[in-house]
Amino acid sequence: ILVGARTLLYINGVAFGRVFGFQWTSSTGQKMVYGLDSSSPYEAVPTQAKAGGTVNVYRTANDGGAQGAQLTTQFKDLVRQRYFTAALVDRVTGEVLFEANRCVLLNESWNAPVRSFVTGSLSFECLEWQNSVPSAPT
């Protein structure tokens, strides 16, 4: 059983240490095709595959939020936003559990409760991804 505490998230190849949660989804885009008088599908056809995720982070003083982590640009430069990469790695085995390339930030949400930490939620989608990339032999 793998526990989340032994994972580390890398953004653009750099450890992103403020993360307290990471969720990801990937969809093959398969769609079931049904006939007119059938309750069972006849076949599965490919449509649009996609993947993305949400990173839950703590906000620290002067960290710049999503812009400081280079996940997106300032508002005035949004049309020139660049892609980023994300990789969730098992610190013990070196296995890459999820790797996403050519990602774009879709939205960021922040919460500043009076008696707790400022936290954020950063959601993204990517053009390329893969799950469970074994570590290189040593």
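Here are legends for three close-up views of this predicted model.

**View 1. A nonpolar patch on the surface.**
Three aromatic residues, Phe20, Tyr58 and Phe117, come together here to make a nonpolar surface patch of about 340 Å². Take Phe20 as your way in: you'll find Phe20 in strand S3, which covers residues 19-27. Is Phe20 buried, exposed or partly exposed? With a relative accessible area of 42%, Phe20 counts as partly exposed, because that class lies between the 20% cut-off for buried and the 50% cut-off for exposed.

**View 2. The S4–S5 hairpin.**
Strand S4 (residues 30-34) and strand S5 (residues 41-46) run antiparallel, with five bridges joining them. To get from S4 to S5, the chain goes through a hairpin of six residues. If you want a spot to line the two strands up, look for Lys31, which stands opposite Val45 in S5. As you follow either strand, keep in mind that side chains in a regular strand alternate between the two faces of the sheet.

**View 3. Two cysteines, no bond.**
Cys103 and Cys126 may catch your eye here, but how many disulfides does the model have? The count is zero. Cys103 is in no disulfide, and the nearest cysteine sulfur, in Cys126, sits 4.7 Å away. Why no bond for Cys126? The sulfur of Cys126 is too far from the one in Cys103, because a disulfide needs the two sulfur atoms within 2.5 Å. Both cysteines are tucked out of reach of the probe to the extent that they count as buried: Cys103 has 0% relative accessibility, and Cys126 has 8%.

Technical notes: Residues are numbered from 1 along each chain as its sequence is written. This is a predicted model: local features need pLDDT of at least 70, side-chain atom pairs count only at pLDDT 80 or more; totals for chains, interfaces and linings use all residues. Side-chain values use heavy atoms; hydrogens and water are left out. Patches are made of residues with over 30% relative accessible area and no salt bridge: like charges are joined within 9 Å, nonpolar side chains (Val, Leu, Ile, Met, Phe, Trp, Tyr) within 5 Å. Accessible areas come from the Shrake-Rupley method with a 1.4 Å probe; for residues, only the protein chains shown count as cover. A salt bridge is a side-chain nitrogen of Lys or Arg within 4 Å of a carboxyl oxygen of Asp or Glu. Helices (H or I, at least four residues) and strands (E, at least two) are DSSP runs, numbered from the N terminus. Buried means under 20% relative accessible area, exposed over 50%, partly exposed in between (1.4 Å probe, protein chains only). Two strands pair if DSSP finds at least two bridges between them.
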